[in-house]
Amino acid sequence: MRKRYRDLGFAVGKLPTGNKNCLTDVPGVAVGHKTLQHEIDEENSACTGVTAILPHQGNIFQNKVVAASYILNGFGKSTGLIQLNELGRLESPIMLTNTFGVPQVAQGTLEYLLDQNEDIGDSTGTANVIVGECNDSYLNAIRHFPVQSHHAREAIASATTKQVEEGAVGAGTGMICCEFKGGIGTSSRVVSTDEETYTLGCLVVSNFGKKQDLLYYQQGLQHSGATDDFQHPPQSDGSIMIVVATNAPVNERQLKRISKRCGIGLGRTGSHMANGSGDIVIAFSNATPLPHYQTSAFEETTQLRDDHKIMTDLFTAAAEATNEAIMNSLTMAETTTGHQHRQVKALPYEVLNKK
């Protein structure tokens, strides 16, 4: 039975976590996975999937949320981020999958939105679908396009506000992190003012780095005397998708500022965001859903002041939650066999430094 990083006796940072220590600690946020692991033929196997993140339980197109993205390094093939940053509004689930699965996941998500909203593309505008990706082609027969549009809809349909499943599931099924099995990881932090308490959650798809980059691994070998005696897969520069959710009342500019701090958490694991690494953050606040149809020329919202201590606390929360989410993706992922019978081992706990 694999364990979360904190359950192994580690802690990251100083802020308290939410009750579940995951993205769904943010009220209303739901996460669903569709995992694909099966043989295609004698040599080729599907080892991939889709993860869906819903910002609230209502109709997302009709009740948009404030959102932004920040590109730490832009070697990525995501969809929808141009409009997201232009308007600062999220109107679809955030979908995560493998690189070649992006078109089909976008199609399936669009079908989901069209089923909910007969006005899209008819009496109102089109819909901006958000899909992020990482390359899982070492373990997944990516050229066979195992991810299809209906898998996106199944991931959305499975979304729940319960504890998020982590490791080699959904979009993380075929991912590799620092030459060990990576995938889905999540964590959360709670911040407070004198009047209110807010939650910030982070979910990652980890697929980056070399084993020598992982600071916790290097320190662990030094202190434990443990040896690494199994074959590691060759790995390109890789990527990471980072999704941040909060119920703090912040605007799109403030969300971008929060997103930048996720890079600190990523760096604390040892990543240097290599040339061919797609390191992308997508952030949203569901504090005040914004109706699609409005008659007034004015829109009133409440937002936190930049110069209040709470903003620095949110920056800290983003860094800490990202760091712990990445470590959870490693400690929760199981050894996985996939395409061409290739196998990627789980991170051995004994190499982690407990000092």
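**Close-up 1. Arg257 of the predicted model and its salt bridge to Asp306.** Let us start with Arg257, which is partly exposed at a relative accessible area of 27%. That label applies because the value falls between the 20% limit for buried and the 50% limit for exposed. As this is a predicted model, please read every value in these legends with that in mind. Arg257 forms a salt bridge with Asp306, and the closest N and O atoms are 3.5 Å apart. The pair links distant parts of the chain, with Arg257 in helix α5 and Asp306 in the loop between β12 (278-291) and α7, 49 residues apart. Asp306 is partly exposed as well, with a relative accessible area of 33%.

**Close-up 2. Helix α5 against helix α7.** Here we stay with the helix that carries Arg257 and turn to its packing partner. Helix α5 (residues 252-260) and helix α7 (residues 309-332) pack with their axes 8 Å apart, at an angle of about 45°. The two helices are therefore oblique to each other, and their crossing is right-handed. On the α5 side, the contact is made by Gln254, Arg257 and Ile258. On the α7 side, Met311, Leu314, Phe315 and Ala318 take part. Sorted by type, the residues of this contact comprise 5 nonpolar, 1 polar and 1 charged.

**Close-up 3. Arg153 and its two acidic partners, Glu111 and Asp115.** Which residues meet the side chain of Arg153 in this view? One is Glu111, in a salt bridge of 3.7 Å from N to O. This pair joins helix α2 (residues 102-116), where Glu111 sits, to helix α3 (residues 149-157), home of Arg153, across 42 residues. The other is Asp115, whose salt bridge with Arg153 has an N to O distance of 2.3 Å. That pair too links distant parts of the chain: Arg153 in helix α3 and Asp115 in helix α2 are 38 residues apart. Buried or exposed, how do the three residues stand? Glu111 counts as partly exposed at 24% relative accessibility, and Arg153 is partly exposed at 31%. Asp115 is exposed, with a relative accessible area of 54%; it earns that label because the value is over 50%.

**Close-up 4. Salt bridges across the structure, and a network with shared partners.** How many salt bridges does a search of the whole structure find? The count is 14. They include the pair of Asp306 and Arg257, along with the pair of Glu111 and Arg153. Elsewhere, Arg6, Arg189, Glu320 and Glu324 are joined into one network by salt bridges that share partners. As background, side chains of opposite charge can pair when their charged atoms come close.

**Close-up 5. Asn21 and its positive phi.** Most residues other than glycine have a negative phi. Asn21 has a positive phi of about 55° although it is not a glycine. Asn21 belongs to the segment before β1 (30-39). Is Asn21 buried or exposed? With a relative accessible area of 6%, Asn21 is buried, because the value is under 20%.

**Close-up 6. His341 between two strands.** His341 is found in the loop between β13 (336-337) and β14 (343-344). Its phi is near 60°, a positive value in a residue other than glycine.

Definitions and conventions:
Residues are numbered from 1 along each chain as its sequence is written. This is a predicted model: local features need pLDDT of at least 70, side-chain atom pairs count only at pLDDT 80 or more; totals for chains, interfaces and linings use all residues. Side-chain values use heavy atoms; hydrogens and water are left out. Axes are lines fitted to C-alpha atoms, for helices over the stretch in contact, and angles run from 0 to 180 degrees between N-to-C directions. Helices (H or I, at least four residues) and strands (E, at least two) are DSSP runs, numbered from the N terminus. Angles under 35 degrees count as roughly parallel, over 145 as roughly antiparallel, 65 to 115 as roughly perpendicular and the rest as oblique. A crossing is left-handed if the near helix is turned anticlockwise from the far one by less than a right angle, and right-handed if clockwise. Contact means heavy atoms within 4.5 Å. Ala, Val, Leu, Ile, Met, Phe, Trp, Tyr, Cys and Pro count as nonpolar, Asp, Glu, Lys and Arg as charged, and the others, Gly among them, as polar. Buried means under 20% relative accessible area, exposed over 50%, partly exposed in between (1.4 Å probe, protein chains only). A salt bridge is a side-chain nitrogen of Lys or Arg within 4 Å of a carboxyl oxygen of Asp or Glu.
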